[in-house]
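Dear colleague,

I am passing on the structure below, together with some notes that I hope will help you find your way around. Please look it over before reading on.

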Amino acid sequence: MVTTTQTKELSTWTNVFSTAKGAIYQSDEERCWYVDFAGKVAKFDYRCLLKLKKAVYHVDIEDRLLNSGKSPDVEIIFICACDHTYVLSLLQIIALKEILEGTFVMFELNHIIQDTLYRLPY
Amino acid sequence: MKDLIRIKSLISAEVEALLNQQVKKEAYSSSVYLAMASWCNRNGYDFSSEYFFKQAEEERMHQLKFYKYILDMGGNAISPEVTGIKQEYNSFREVFEEALDQEISVTQSIKNIYARCLKEQDFVTNEFLNWFLKEQREEEYKARRALELFEVIGEEGTGRWQIDKHVGGIKYDSEA
Ligand SMILES: [Fe+2]
Ligand SMILES: [Fe+2]
């Protein structure tokens, strides 16, 4: 499920990872994430966020840079069953990939912290 | 911040991808064995045909075991596309050589998943995989034994007829 919102409810969201180009927030309450990128804030559930990650990682950036003559410098990130699409330039893809990579590193770190602080000591 | 990913799924995205890859491998194995069953039947090797029909069913069962495990752990099981199944073989012996190759590649693939799980300390999936490690012992033994029949019986005269008959009797019953 993906919906787009205009207002960022920063008070209840946790900033998972951000760069100058955008950010990903987590809402514990709604058990979902908000991706603030390319001029909109889109809500992603667990499955859709994984699909977004897969779609972005799938773009062969190196190949696009080397063979830029053949195809236009736009990538359509269509996420099946999430009724949501991004039309991004190669630079935007690189920026979004950086945000996603950072986000998933933070998820892993958070997982380790949760284990260490709350799950393992008791 | 809640550990939402872990709440949703016991297995990591990487392990999930490897398990889905294995689903596909088992489905592929099943189709390969089915093609072998057809070839053997068409060429008069009825016992071997029956043997491969049974193998095909077992591989289907392996596929479902992986498939359901992924779902039970909160993952997304992907129904695989299976293409490129070879339908013709050059000889009776070639069928069994390729059957062994297929089992070896499955064993290697399961070892690879096991190694990944050890790295992540996903002992739950390791425990699940133990059944398959034991199964591969049997699968490789049977495939190797079938090839051995070509050596000990020989293909001359009524050799192939004898080999076919004995393929029907291959069993692995180690208690170890
Ligand atoms: Fe198998
Ligand atoms: Fe097998």
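Is B:His62 buried or exposed? Before answering, I should say that this is a predicted model, and what follows should be read in that light.

B:His62 has a relative accessible area of 0%, and because anything under 20% counts as buried, this residue is buried. B:Glu59 is also buried, with a relative accessible area of 1%. These two residues both lie in helix 3, which covers residues 46-72 of chain B, and they are three residues apart, or about one turn of the helix.

Both belong to a metal site: B:Glu26 and B:Glu59, each through OE, and B:His62, through ND1, coordinate the iron ion (ligand 1) at 2.1 to 2.2 Å. Along the chain, the donors of this ion follow the spacing E-x32-E-x2-H. The iron ion (ligand 2) is 3.4 Å from the iron ion (ligand 1), and B:Glu59 coordinates both.

As for the chain around the site, chain B has six helices and zero strands, and 44% of its 176 residues are buried. Its C-alpha atoms fill a box of roughly 75 × 35 × 20 Å along the principal axes. Of the contacts in chain B with a separation of 6 or more, 78% are between residues 24 or more positions apart.

Finally, an unreviewed UniProt entry places the feature "domain: Ferritin-like diiron" at residues 9-154 of chain B, a stretch that is 80% helix and 0% strand, with its end C-alpha atoms 53 Å apart.

With best wishes

Terms used:
Residues are numbered from 1 along each chain as its sequence is written. Chains are lettered from A and ligands numbered from 1 in the order in which they are written. This is a predicted model: local features need pLDDT of at least 70, side-chain atom pairs count only at pLDDT 80 or more; totals for chains, interfaces and linings use all residues. Side-chain values use heavy atoms; hydrogens and water are left out. Helices (H or I, at least four residues) and strands (E, at least two) are DSSP runs, numbered from the N terminus. Buried means under 20% relative accessible area, exposed over 50%, partly exposed in between (1.4 Å probe, protein chains only). Contact means heavy atoms within 4.5 Å. UniProt positions are given in the numbering used here, feature names are shortened, and annotations may be inferred rather than shown by experiment. Donors are N, O and S atoms within 2.8 Å of the metal (3.2 Å for Na, K and Ca); water is not among the atoms, so sites may look incomplete.
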